[in-house]
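Visitor: I would like to learn how to read the features of a model such as this one, taking one feature at a time. Could you guide me through it?

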Amino acid sequence: MADLHFLANPARFRRFSQRVVPSLSVATALMLAVGLYLALLQSPPDYQQGDTVRIMFVHVPSAWLAMAGYALLAGLGASLLIWRHPLAALMARAAAPVGAGFCAVCLLTGSLWGRPMWGAYWVWDARLTSMLLLFFLYLGHIALSRAYDEPDRGDRAAAILALIGVINLPIIKFSVDWWNTLHQPASVARLGGPSIHPSILVPLLWMAATLFLLFVLLVLLRTDTEIDRRRLENAEQQA
Amino acid sequence: MTPKRKRLWLVVGSLAVLGFAATLVLTALNDNIVFFYSPTQIAEKNIPPERRFRMGGLVEAGSVTKSADGQVTSFKVTDTHKTVAVVYRGLLPDLFREGQGVIAEGSLGADGVFLAREILAKHDENYMPSEVAKAIKEAGQWKERK
């Protein structure tokens, strides 16, 4: 934590992000180009799913990032409520729509995969339902943080929601183990190693790394914007 | 205790209480959260005929037969302990095949045959190219799911 403290100061964060963003953008674009080649052309079709397996290269990383994004919101919520870090609220405002976006991509791609493979766009099993709940938690966070005239009150209400909602994360992860579901159990993060052949696993992990960089990039850029916005609002109030 | 310390423990304590409450609720609702029953659970539960529920298991190898017009499929669903016969009229999903996981929604008839209104194919957690699947099968190392 001590190392991250220097980022709690908005001005220092601004200098940090302005240094990182250009190279991060280039790296993300290059990785995405390679990732699309690996995922769409180079990797083989699955023995049962055929080419439909390629949906997974977007679906699974989006699910991971939707969950990681919510864990980030909860961490930011805690540092706002406990340590009153000035940047935490701004970054939470910046991160929530990004996480919600990945969550929506996860739900939509899963639905498109489910129709040909399962025979249904949607079922109410524990994994799908808890993931939909995560999406609503994101929407609730976005709405709550903007629901008050004084932004500080919205930030704190949203931080409390983020902390409460974090209970949903282990439920999503273990839903496929605790209850029988239509959704398949974990393939990558599981005891005994991944049950995905390397020719499909490598593109998956590559896409996960790519979308992770995209997530970081979007959050950094949006946090910068939130800092500007807050400064503008303060200046307007004083004028 | 500094105010920061106090707030830290307040957050940690609230989360612990919430987590405990969530565990209790989910345990209590366990029966409603499961998406399907296995044939063994059905035998234990004595579900009355006409009650709609979902049943899941593997399509027993060699059990799939189609009616003359091809519209009605009969097969058996097994969890390796118990087996339930299923009758279904309609289109089957692509992944439906013998030895594969399947979930059927419908109700038991008076004769114990499950009348399915909807069939969902369950996909397992294994992903591989078809050459690899073929090689594993030829080497005799293929493990059917339990």
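Visitor: Let me begin with a single residue: in which loop of chain B does B:E50 lie?

Guide: Before anything else, please keep in mind that this is a predicted model. B:E50 lies in the loop of chain B between α3 and β1, and its phi is near 75 degrees, a positive value in a residue other than glycine.

Visitor: Which other residue has a positive phi although it is not a glycine, and where does that residue lie?

Guide: B:N46 has a positive phi of about 55 degrees without being a glycine, and it is found in the loop that runs between α3 (39-45) and β1 (53-59) of chain B.

Visitor: Are B:N46 and B:E50 buried or exposed?

Guide: A residue counts as exposed if 12 or fewer other C-beta atoms lie within 10 Å of its own. B:N46 has 6 other C-beta atoms within 10 Å and is therefore exposed, and B:E50, with 10 other C-beta atoms within 10 Å, is exposed as well.

Visitor: How should I read a pair of packed helices, and what are the values for α2(A) and α3(A)?

Guide: Two packed helices are described by the angle between their axes and by the distance between those axes. For helix α2 (residues 56-83) of chain A and α3(A), the axes come within 8 Å and cross at roughly 155 degrees, which makes α2(A) roughly antiparallel to α3(A). Their crossing is left-handed, and the residues of the contact divide into 21 nonpolar, eight polar and no charged.

Visitor: At what angle do the axes of α3(A) and α4(A) cross, and which residues make the contact?

Guide: The axes of helix α3 (residues 86-117) of chain A and helix α4 (residues 126-145) of chain A come within 9 Å and cross at roughly 150 degrees. Since angles over 145 degrees count as roughly antiparallel, α3(A) is roughly antiparallel to α4(A). α3(A) passes α4(A) in a left-handed crossing, and the contact is made by residues including A:A96, A:A100 and A:C103 of α3(A) and A:L134, A:F135 and A:Y138 of α4(A). By residue class, this contact of α3(A) with α4(A) comprises 15 nonpolar, three polar and one charged.

Visitor: What does the same reading give for α4(A) and α6(A)?

Guide: The axes of α4(A) and helix α6 (residues 168-178) of chain A come within 8 Å, crossing at roughly 160 degrees, and the two helices are therefore roughly antiparallel to each other. Here too the crossing is left-handed. Among the residues that meet are A:M131, A:L134 and A:L137 in α4(A) and A:I171, A:I172 and A:V176 in α6(A), and the contact as a whole divides into eight nonpolar, three polar and one charged.

Visitor: Turning to the two chains, how many residues does each give to the contact?

Guide: The size of an interface is often given as the accessible area lost when the parts come together. Here the description is by residues: the contact takes 31 residues from chain B and 34 residues from chain A. On the side of chain B, the elements that give two or more residues are α1 (3-28), β6 (114-122) and α4 (130-138), and α1(B) gives the most, with eight residues. The residues on this side of chain B divide into 20 nonpolar, five polar and six charged.

Visitor: Finally, how is chain B divided into domains, and how far apart do their C-alpha centres lie?

Guide: Chain B is divided into domain 1 (1-33) and domain 2 (35-122), and the C-alpha centres of these two domains of chain B lie 40 Å apart.

Methods. Residues numbered from 1 in each chain as written. Chains lettered and ligands numbered in written order. Predicted model: local features only at pLDDT ≥ 70, side-chain atom pairs only at ≥ 80, totals over all residues. Domains from an automatic or database assignment. Axes fitted to C-alpha atoms, helices over the stretch in contact; angles between N-to-C directions. Helix = DSSP H or I, 4+ residues; strand = E, 2+ residues; numbered from the N terminus. Parallel < 35°, antiparallel > 145°, perpendicular 65-115°, else oblique. Left-handed = near helix turned anticlockwise from the far one by under 90°. Contact = placed C-beta atoms within 7 Å. Nonpolar A, V, L, I, M, F, W, Y, C, P; charged D, E, K, R; others polar. Buried ≥ 20, exposed ≤ 12 C-beta atoms within 10 Å, placed from the backbone.
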